[in-house]
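Some words used for protein structures rest on a cut-off, and it helps to see how a value is set against one. The questions below take up a few such words in turn.

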Amino acid sequence: MKAIQVSQVGGPEALALVELPVPVPKPNEAVVQIKAAGVNFIDVYYREGRYPAPLPFTIGQEGAGEIVAVGSDVTSVQPGDRVAYTGVMGSYAEYASVPADRLVKIPDQIDFNQAAASMLQGMTAHYLSHSTYLLQNGETALIHAAAGGVGQLLVQMAKRLGARVIATAGSADKAQIARDAGADECIVYTQEDFESETRRLTGGRGVDVVYDGVGKATFDKGLNVLRPRGYMVLFGGASGAVPPFDLLELTHKGSLFLTRPTLVHYIGTREELEQRSGDVLQMITSGELKIRIHKAYPLTEARQAHRDLEGRATSGKLLLVP
Ligand code: NDP
């Protein structure tokens, strides 16, 4: 089978198209024929070595497809089932072997592209808005990179919970996409100072929560736009990692809360995975949550997909189709 492997960490050129045997499932696993693999920023971190993984590895954390084989202990799924998953390395490939307890069945109304697109980014937007900081009706959230994959979904979920959303985006076109997703305001933070604009838009009060997946470039100013006892939810570093930080800053800036969450701890149990994925898939089938596919690339164009994602050239979900 064809797969995209990293044998030495580095830039997009580290993504190599290789020929590998089709995996054989362990007793607890199912082999999924991948119909669509999600491209996510976390793939960039693994490719660069910012997140370590034993080499060589087949990259990719999210996929949707059809089961073609199951291990001897698996009873929850069977060949022919349409399934999706996240959090298991190896989805940039024609086939992947996945622990059966990480698979969720795809409702009939949802196609493979939508399903692949909803797992990692959809459940991330869900836990950020419903669990890390449960937004209340009437509260205000600042959402960075709101035209991005997670960003657009987070805006929609925050609006659904009744919050006011102040968004940021890197260009006027992206700002329009964030507004189309439901943002009440959108600051083009490459041209305007988001700190003073957010203060102005909140009448000096500050926001209740900042959802920040941009990291290095936005973190410090984000702390300055929170109300006293507000929540900084730092969930990524698309612009680079936030450097070490003096916790007393949280005191001086208003007894702030700071968390650095990751999806794996919000879908740790089978029960939580089922609830969260069920909620997201239900929002999609009911039409409440719209997933914007930026582009579906052939698997062989993984390098280009990474270049586009890192180059801030995308707004929405990137997929690889084997
Ligand atoms: P996006 O589609 O949001 O793409 C990243 C966006 O970040 C860009 O489009 C760009 O938007 C913005 N950005 C700002 N500065 C830079 C920069 N210097 N280089 C590149 N991009 C920049 O990606 P994802 O939706 O996949 O991920 C968004 C963030 O969420 C990432 O940090 C990712 O790691 C994180 N994440 C965290 C998870 C968790 O559980 N902790 C799970 C999933 C994602 P603009 O041009 O508008 O500024």
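**Salt bridges and burial**

In this predicted model, Glu272 counts as partly exposed because its relative accessibility is 26%, and partly exposed covers what lies between under 20% and over 50%.

Q: What makes the contact of Glu272 and Arg276 a salt bridge?
A: The side chains of Glu272 and Arg276 meet at 2.8 Å or less, namely 2.7 Å from N to O, and a salt bridge asks for a nitrogen within 4 Å of a carboxyl oxygen, so the pair qualifies. Both residues lie in helix H8 (residues 270-285), 4 residues apart, which is about one turn of the helix.

Q: Why is Arg276 called buried?
A: Arg276 has a relative accessible area of 4%, and buried means under 20%, so the word applies.

Q: How do you know that Asp81 forms a salt bridge with Lys105?
A: The closest N and O atoms of Asp81 and Lys105 are 3.8 Å apart, and the cut-off is within 4 Å, so this pair counts as well. Asp81 lies in the loop between strand S5 (62-70) and strand S6 (82-86) and Lys105 in strand S8 (residues 104-105), so the pair ties together parts that are 24 residues apart in sequence.

Q: Is Lys105 called buried, partly exposed or exposed, and why?
A: Lys105 has 48% relative accessibility, and exposed would need over 50%, so Lys105 counts as partly exposed.

Terms used:
Residues numbered from 1 in each chain as written. Predicted model: local features only at pLDDT ≥ 70, side-chain atom pairs only at ≥ 80, totals over all residues. Heavy atoms only, no water. Helix = DSSP H or I, 4+ residues; strand = E, 2+ residues; numbered from the N terminus. Buried < 20%, exposed > 50% of the residue type's maximum accessible area, 1.4 Å probe, protein only.
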